[in-house]
Amino acid sequence: MGNVALNGTGGSIHIDTRADRWSQCYLVASERIYLGAETLSYLVSRLLSALSSDTEEVIGEISGHKIRWVLSLAEGHCTLYVARCHSERILFWQNAEAKVIGTITLSQVEMAQWRKQLEMLL
Amino acid sequence: MAGTIVSHCQKILHRTRNFFRLAGHRLLGKNRAISYQLRFGTHDLVYGPSAGGRLRELAQSAGGRTLNDLPKPLELNWIEFSLRVLEEAAESGTMVRFDLTYVEDLPGVLAGRGIFASTVTTVELRYIQANWERFRSIMRFYDKGREVPAPWEM
């Protein structure tokens with residue numbers, strides 16, 4: 001299927017959807033970091049949930065923002081968390097050692113674009 | 001005389017080969033049948049190497065959840081998270097289904113040596129082995145779709 005780039009302020013998530021729907025994810029900012037892999041359906045449903053209502057419990061705080069878990073990936077064992085900040089969403093990527101390795105901020109317009117791109121993958 | 005003995009031996013060899021070929025086919029058929037019949041509980045945990053998505057496929061076909069389906073607390077690294085989930089499973093009696101099919105160098109993994117000594121799967125297996133009395137009742141192991149004993153009890 002190819003690559004999908006989900007762009008935001010501070011970085012992008014690139015999803016490589018080639019290998020029989022087991023999809024590899026990269027964080028692209030100042031460098032390209034391999035995050036891990038999961039099925040395309042898992043990635044799409046979890047990312048869409050992060051953009052919609054606050055379905056998951058608040059599990060902690062980063063920089064004063066209340067954080068909800070979004071998804072975790074096999075292989076690279078990176079985890080994505082989301083915070084709501086006014087009308088924006090802030091996405092935090094954590095690596096396998098529980099260190100924040102990247103932050104992506106999404107405006108309303110960018111969220112709408114992500115939704116459109118993700119729904120096309122279903 | 002020698003010719004008769006050779007002919008007799010060839011017949012025995014031929015029959016032996018046939019026996020093992022047929023037995024192998026039956027065994028393979030049985031394994032395949034069992035792999036399709038694996039059924040796990042909805043809340044069971046499915047552990048093992050992700051193997052390019054094969055662990056996810058197993059959870060989708062047999063049931064159960066992988067670690068990626070559970071919210072990871074911020075403060076835990078991946079190995080701490082995995083071991084905490086195992087401990088909580090032992091406490092609550094949640095079944096853990098460990099797929100050994102794609103574990104490479106199992107003897108090395110159990111001994112904690114070799115190139116796979118520091119993988120997440122290695123740490124998980126060695127943790128379960130070290131605390132076997134606590135985990136015995138909730139653990140089930142699988143290889144190529146059929147249930148097998150714990151690798152240290154094989």
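This report describes salt bridges and one helix in a predicted model.

## Salt bridges across the structure

Over all chains, a search of the whole structure finds 8 salt bridges. Those described here include three pairs within chain B, formed by B:R56 and B:D69, by B:E153 and B:R136, and by B:R140 and B:E147.

## The pair B:R56 and B:D69

The side chains of B:R56 and B:D69 form a salt bridge with a nitrogen-to-oxygen distance of 3.0 Å. Because B:R56 belongs to helix α2 of chain B (residues 54-62), while B:D69 sits in the loop between α2 and α3 (78-92) of that chain, the pair ties together parts that are 13 residues apart in sequence.

The two partners can also be described by their accessibility: B:R56 is buried, with a relative accessible area of 7%, whereas B:D69 is partly exposed, with a value of 27%. This pair also belongs to a network of salt bridges in which A:E38 is linked with B:R56 and B:D69.

## Two further pairs in chain B

A salt bridge of 3.3 Å, N to O, joins the side chains of B:E153 and B:R136. B:E153 lies in the segment after β4 (146-148) of chain B and B:R136 in the loop between α6 (132-135) and β3 (139-143) of chain B, so this contact ties together parts that are 17 residues apart in sequence. B:E153 is partly exposed at 41% relative accessibility, and B:R136 is likewise partly exposed, with a relative accessible area of 36%.

In the salt bridge between B:R140 and B:E147, the N to O distance is 3.8 Å. B:R140 counts as partly exposed at 26% relative accessibility, and B:E147 is partly exposed with a relative accessible area of 48%.

## Helix α2 of chain A

Helix α2 of chain A comprises 14 residues (108-121), which at 1.5 Å a residue should span 20 Å, and this agrees with the 20 Å that separates its end C-alpha atoms. The buried residues of α2(A) are A:M111, A:W114, A:Q117, A:L118 and A:L121. Because these buried residues cover an arc of only 130° around the axis, they are placed on the same side of α2(A).

On that buried side, the residues pack against β1 (3-8), β2 (11-16), α1 (40-51), β8 (88-94) and β9 (100-106) of chain A. The face of α2(A) that is turned away from the buried side carries the exposed residues A:V109, A:K116 and A:M120.

Note on methods
Residues numbered from 1 in each chain as written. Chains lettered and ligands numbered in written order. Predicted model: local features only at pLDDT ≥ 70, side-chain atom pairs only at ≥ 80, totals over all residues. Heavy atoms only, no water. Salt bridge = Lys/Arg side-chain N within 4 Å of Asp/Glu carboxyl O. Helix = DSSP H or I, 4+ residues; strand = E, 2+ residues; numbered from the N terminus. Buried < 20%, exposed > 50% of the residue type's maximum accessible area, 1.4 Å probe, protein only. Expected span 1.5 Å × (residues − 1). Arc of directions from axis to C-beta. Contact = heavy atoms within 4.5 Å.
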